[in-house]
2 protein chains.
Amino acid sequence: MVKIGIIGVGTVGRSVAAILEANSDIIEARAGKKIVVKLGIVQDLTKDRGVNIPLSDDPYDVINDPEIDIVIELMGGIDGPHMLVKKALANGKAVVTANKALLAYHRYELQELAGDIPFMYEASTAGGIPIIGALRNGLAANHIESIMGIMNGTCNFILTKMIGEGADYKEVLKEAQALGYAESDPTFDVGGFDASHKLLILSSIAYGIDAKPEDILIEGIDNITSTDVEFAKDFEYAIKLLGIAKKVGNGVELRVHPTMIPQNSMIAKVDGVMNAVMVRGDAVGETLYYGAGAGGNATASAVIADIIDIVRGNTNPMLGYKKPLESGLTLLPKEEIHSHYYLRLSVDDKKGVLAEVTNLLSRLDISIEAMMQKPDNDKDECVELLFVTHECQEKSIQEAMSELEKLSVVHGKVGMIRIEQ
Amino acid sequence: MVKIGIIGVGTVGRSVAAILEANSDIIEARAGKKIVVKLGIVQDLTKDRGVNIPLSDDPYDVINDPEIDIVIELMGGIDGPHMLVKKALANGKAVVTANKALLAYHRYELQELAGDIPFMYEASTAGGIPIIGALRNGLAANHIESIMGIMNGTCNFILTKMIGEGADYKEVLKEAQALGYAESDPTFDVGGFDASHKLLILSSIAYGIDAKPEDILIEGIDNITSTDVEFAKDFEYAIKLLGIAKKVGNGVELRVHPTMIPQNSMIAKVDGVMNAVMVRGDAVGETLYYGAGAGGNATASAVIADIIDIVRGNTNPMLGYKKPLESGLTLLPKEEIHSHYYLRLSVDDKKGVLAEVTNLLSRLDISIEAMMQKPDNDKDECVELLFVTHECQEKSIQEAMSELEKLSVVHGKVGMIRIEQ
């Protein structure tokens, strides 16, 4: 018998306890031992948790219990769990966590502290999809060329509705909030921060890159307009919030942003709150992993998979490397990212304006692949110019956008969405 | 350093050796040790293999070498490898194989013999897609409700062309043969036998079901007509050769057959030679795994993942269970399978025929969900009747087909394709 303690008995913790009980037959056969929740830790003992496990409000009742072999951290936040999992490791206990924020900031320190003690976190990224296992084990023979993931269900739900129904961003956000898919302050999701945590975890396994959310390009979905959506549909693109990690020479691009991708690519077909991660390896080619990225049961499925793996005695290295990786790969500065770009600008509807804009783009070495003009529905006497560029550097585009916004014929902000072919 | 021997240096064996060399930096960092091919075994030593490894033509040079820790079986066939891997296990060597046929017939015996010795076979099913790992580890918390897989690239290539271009089966088969996607005798692929081997492997991990290809329903794609393809398109179905494992009460349906599935399901979107497996678990919900199902490098990616896992010291139970599973699940007899069915029959174009046919169906408790009539392009004075049934039993449909074929107003064979909603 293996005894575990669960710190944090919220939606996921409840599901972990419930599934361990409901599926105990198959879990015991697969793990080889019975897995028993000895104690759950909650902040407020008076609240009914609807689970049949003993409860305490002191996490040290788990961390200092010599009978407990595995600590399941499901409390959320960064500083609290950071301190607690370090103590658990110091006490020689294996750790399983679903905490992406903790890992986005402290994964390398925790790997160092864990050493040979199992530290598992399948549930931290893309919920129930076993993407950590795929990347750490299943694709271990490969140099990873790129990762592109839909790793935030809230954003994907909103973008799917905007594209599918032509609905407005603010309208769909409200619907997502009503359905419980988005928080009352939705910034963490729609701003791309949640996805950036997951991307950082995956890029450590793929490339051994140590970076923090502050170091990488993160843009949210809140500036996408109905013009952008119409353009995407006309040109057979989907718009998805993607977390992208891409090897370019000895550099690695890490970025999270709304992206236009061809409608016929597999990842473009992932709709609603579902998640998917596309991984391209030099040996295996393109692979894709699809499933529920959130929800109590799906996340608990990943937490329990980690517990079973530990009980089986497996010793997967935390970030995928048993020995230091001397890859020579470094994080590319944001300005050096390369992409195709879609630009949208509202300009005066008069002669010479197009020439002024295209001259400016040409001066910055931005070469245009396609251009179209649409009436501006919001402003009379204005038109919207939409451009698709050939591949160019992020720095040039940022400079172009800032220069364009200074032109007297250009009104308001220039819209931009990156394109992946 | 870990030394391995490769028995069978064909397309996959060559790729294994080449990738171990080309990606040695990252493989050594991930595994923690250098992995070296000490010897490759070939039948004909005079043939140039284009790999930089020592060769012999005696498999016992690998099996009896005390320095070799892991035996990689890539020779193909059943009896030869069966004898050799048993000897390798008896000598205490870990085994990695890509041999689906060996496992379709001998997996339980090999599991018994292996005991605690690692026996790995990620490459046997769906090539480079880490589906064995997903099912054995990532989804281990779940009771598996169903598995549906496109596990044969040849069939998927042919069906994609038939649906996409309205091309004829025989025409596309020739094209697949010219491209090297189909053998000169294509029976093993287009008859569904290849997919059945893979399905049996997955169903052992999911359900602990011990069965052989002879025990399960296997139908190929060679009877699909242009009428079927048109019908599918009109009703927004794709036609895919699926391997299906499905829990129904205490029974498990195992079947391989062409299947109509809604075009908007993720698995319907998998085109060309690509493979994908959809797994539905009671905790995780629907997940899908997509990638290349064949090819030297993709298959080698899976073989090397297994080698790395063994070198890391992981001890995954061969078929996923550390203890006997007492699930009480048994293989459902073929006749007891339930499905929706599409039926196609050519009948005399005269009064009373439809009544005769529908009376017969009704007498066998087959209830009709939709019916349409099309001119029969091959036979004057005939029409084709197309039916979609509500869910009914395989036994009734088989009886109906046989009874219908006896009617004087019905010409030729009755066509049938199962439908999954």
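**A two-chain model and its sheets**

Every interface residue of chain A, 100% of them, is also an interface residue in chain B, so the two copies meet through the same surface. The model described here is predicted, and it is convenient to begin with how its two chains come together. In numbers, 54 residues of chain A are in contact with 54 residues of chain B. On the chain A side, α2 (24–31), α6 (131–138), β12 (285–292) and α12 each supply at least two of the residues that touch chain B. By residue class, this side of chain A divides into 26 nonpolar, 19 polar and 9 charged residues.

The relation between the copies can be stated in geometric terms. In general, two copies of a chain are related by a rotation about an axis and a shift along it. Here, chain A can be laid on chain B by a turn of 180° and a shift of 0.0 Å along the axis, with an RMSD of 0.0 Å. The two copies are therefore related as by a two-fold rotation axis.

Strand pairing also links the two chains. β12(A) and strand β12 (residues 285–292) of chain B pair in the antiparallel sense over 3 bridges. Within this pairing, A:Y289 stands opposite B:Y289 in β12(B). A further contact between the chains involves A:K323, which is found in the loop between α12 and β13 (330–331) of chain A. Setting aside residues up to four places away in sequence, A:K323 touches B:E28, B:A29 and B:G32. A:K323 is partly exposed, because 13 other C-beta atoms lie within 10 Å. For a sense of scale, A:K323 and A:P186 are 137 residues apart in sequence and 40 Å apart in space, C-alpha to C-alpha.

Attention now turns to the strands inside chain A. An open sheet of 6 strands in chain A has the order β3-β2-β1-β4-β5-β6, with parallel pairing. Its edge strands are β3 (55–56) and β6 (119–120) of chain A, each of which pairs on one side only. Helix α12 (residues 296–311) of chain A packs on this sheet and touches β1, β2 (35–41), β4, β5 (94–97) and β6 of chain A, while its direction makes about 160° with that of β5(A). Helix α12 of chain A thus appears twice in this account, once as a packing partner of the sheet and once as a supplier of residues to the side of chain A that touches chain B.

Strand β4 of chain A has a pairing partner on either side in the strand order. Towards β1, the strands β1 (residues 2–7) and β4 (residues 70–73) of chain A pair in the parallel sense over 4 bridges. In this pairing, A:V71 in β4(A) is the bridge partner of A:G5, and A:I6 stands opposite A:I72 in β4(A). Towards β5, β4(A) and β5(A) likewise pair in the parallel sense over 4 bridges, with A:T97 in β5(A) as the bridge partner of A:E73. The chain gets from β4(A) to β5(A) through helix α4 (residues 79–90) of chain A, and this β-α-β crossover is right-handed.

The side chains of a regular strand alternate between the two faces of the sheet. In β4(A), A:I70 and A:I72 point one way, A:V71 and A:E73 point the other way, and all are buried.

A separate set of antiparallel pairings centres on strand β16 (residues 382–389) of chain A. Of its 8 residues, 6 are buried, so β16 of chain A is largely enclosed by the rest of the structure. Strand β14 (residues 338–348) of chain A pairs with β16(A) in the antiparallel sense over 7 bridges, and A:E384 in β16(A) is the bridge partner of A:S346. Strand β15 (residues 368–375) of chain A also pairs with β16(A) in the antiparallel sense over 7 bridges, and here A:Q373 stands opposite A:L385 in β16(A).

The strands β15(A) and β16(A) form a hairpin with 6 residues between them. Most residues other than glycine have a negative phi. A:E381, in the turn of this hairpin, has a positive phi of about 60°. With 9 C-beta neighbours inside 10 Å, A:E381 counts as exposed. In chain B, a positive phi, near 65°, is found at B:D365, which lies in the loop between α13 (353–363) and β15 (368–375) of chain B. B:D365 is exposed, with 11 other C-beta atoms within 10 Å.

Notes: Residues numbered from 1 in each chain as written. Chains lettered and ligands numbered in written order. Predicted model: local features only at pLDDT ≥ 70, side-chain atom pairs only at ≥ 80, totals over all residues. Pairing = 2+ DSSP bridges. Contact = placed C-beta atoms within 7 Å. Axes fitted to C-alpha atoms, helices over the stretch in contact; angles between N-to-C directions. Buried ≥ 20, exposed ≤ 12 C-beta atoms within 10 Å, placed from the backbone. Right-handed = clockwise from strand over helix to strand, strands pointing away. Least-squares fit on C-alpha atoms with pLDDT ≥ 70 in both. Nonpolar A, V, L, I, M, F, W, Y, C, P; charged D, E, K, R; others polar.
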